[in-house]
Amino acid sequence: MDITDVILRQHDEQRRMFAMLEEWPRDDHEGLAALWKRLEILLETHAEAEELYFYPELLRLGTGGADAESVDEEVEDAVHDHNEIRKAVRRVGRCRTGSDAWWTAVVDANVHNSDHMGEEERQDLADFRQQASLELRHEIALQFLRYEAVRWAEGITPEDKDPEDYVKTKKSSTPSATAKKAARAAKKAATTGPARSARSKTASAEASEEE
């Protein structure tokens, strides 16, 4: 198992469930309510599991993927997105299922979630694949899925996080043994990478002269 694959699969499931809502018979309010509840639980357990297990390790190892300014900015933005998704989900809960207001809130949740997933896939997941060992990615996947299974069984209460406080707190938390090992490997790769590149350029230049 690989945490980046787990997150991608759950993103696909979220997209599929929003699509199911759009295609569901508008007069089947009981069915719409049940489908939305299932999606609501998935959205929150997924977000909370990321905040507990994925983002802390990303903060330790990441460098900022794609168009992210830094790993701190990357994670702050992701936590902010989670808060916006939670707000939209709460708005859905305040509306009568199937009403115009309910559908407006559902679409709002879909927009916030779609934007978040696209950015996370482009930045966070790519950044982590480049820096984290397969061993660490497997370890996080196990923790992530176990937490979700327990929460699905027991229930969960959504809780907004302050993005800046979250990053500050998680960066100072104690990493696991596997995370420490991955951090050492990432640091070694970062320091030896330029040297390997320089040697390659020198070798290429010498080869050209010999020709």
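## The largest cavity

About 120 Å³ of space sits inside the largest cavity of this protein. Keep in mind that you are looking at a predicted model. Which residues come closest to the centre of that cavity? Out of 13 lining residues, they are Leu-43, Glu-44, Ala-47, Ile-85 and Arg-86.

Now look at which helices build the lining. H2, H3 and H4 each put in at least two residues, and H2 gives the most, with 5 residues. Sorted by class, the lining has 5 nonpolar, 5 polar and 3 charged residues.

## The second largest cavity

The structure has 2 cavities of 30 Å³ or more. The second largest has a volume of about 30 Å³. What lines this one? You'll find Glu-74, Asp-77, Ala-78, Asp-81, His-116, Glu-119, Glu-120, Gln-123 and Asp-124 around it.

By class, that lining splits into 1 nonpolar, 2 polar and 6 charged residues. Helices H3 and H4 each supply at least two of the residues, with H4 giving the most, 5 residues.

## Zooming in on His-116

Let's pick one residue from that lining. His-116 lines the second largest cavity and belongs to helix H4, which covers residues 100-131. Is His-116 buried or exposed? It is buried, because its relative accessible area is 3%, and buried means under 20%.

So who are the neighbours of His-116? Not counting residues up to four places away in sequence, His-116 touches Glu-50, Tyr-55, Ala-78, Asp-81, His-82 and Ile-85. Two of these names, Ala-78 and Asp-81, also turn up in the lining of the second largest cavity. Another, Ile-85, belongs to the residues closest to the centre of the largest cavity.

## Tyr-55 and the nonpolar cores

Tyr-55 is worth a stop too. Leaving aside neighbours within four places in sequence, Tyr-55 is in contact with Glu-50, Val-75, Ala-78, Val-79, His-82, His-116, Glu-120, Asp-124 and Tyr-166. Glu-120 and Asp-124 are names you have already met in the lining of the second largest cavity.

Tyr-55 is also part of the largest nonpolar core, which has 23 residues. Which members of this core touch the most other members? They are Ile-3, Phe-54, Tyr-55, Leu-58, Val-75, Phe-128 and Tyr-166. Six helices each supply at least two residues of this core: H1 (3-23), H2 (29-61), H3 (71-93), H4, H5 (134-154) and H6 (163-171). H2 gives the most, with 6 residues. There is a second, separate core of 18 residues as well, and Met-17, Leu-42, Ala-88 and Trp-102 are among them.

## The whole chain

Time to step back. How many helices and strands does the protein chain have? The count is 7 helices and 0 strands, and reading along the sequence gives the pattern α-α-α-α-α-α-α.

Of the 211 residues in the chain, 39% are buried. The chain exposes about 11300 Å², and carbon and sulfur atoms supply 51% of that area. As for contacts with a separation of 6 or more, 81% of them come from residues 24 or more positions apart. One example is the contact between Tyr-55 and Tyr-166.

Methods
Residues numbered from 1 in each chain as written. Predicted model: local features only at pLDDT ≥ 70, side-chain atom pairs only at ≥ 80, totals over all residues. Heavy atoms only, no water. Helix = DSSP H or I, 4+ residues; strand = E, 2+ residues; numbered from the N terminus. Buried < 20%, exposed > 50% of the residue type's maximum accessible area, 1.4 Å probe, protein only. Contact = heavy atoms within 4.5 Å. Areas by Shrake-Rupley, 256 points an atom, 1.4 Å probe, with all protein chains shown as cover. Core = buried A, V, L, I, M, F, W, Y, C linked by side-chain atoms within 4.5 Å. 1 Å grid on protein atoms, 1.4 Å probe; cavity = no way out; pocket = protein on both sides within 12 Å on 5 of 7 lines; lining within 4 Å. Points joined across faces, edges and corners; volume = space filled by probe spheres on them. Nonpolar A, V, L, I, M, F, W, Y, C, P; charged D, E, K, R; others polar.
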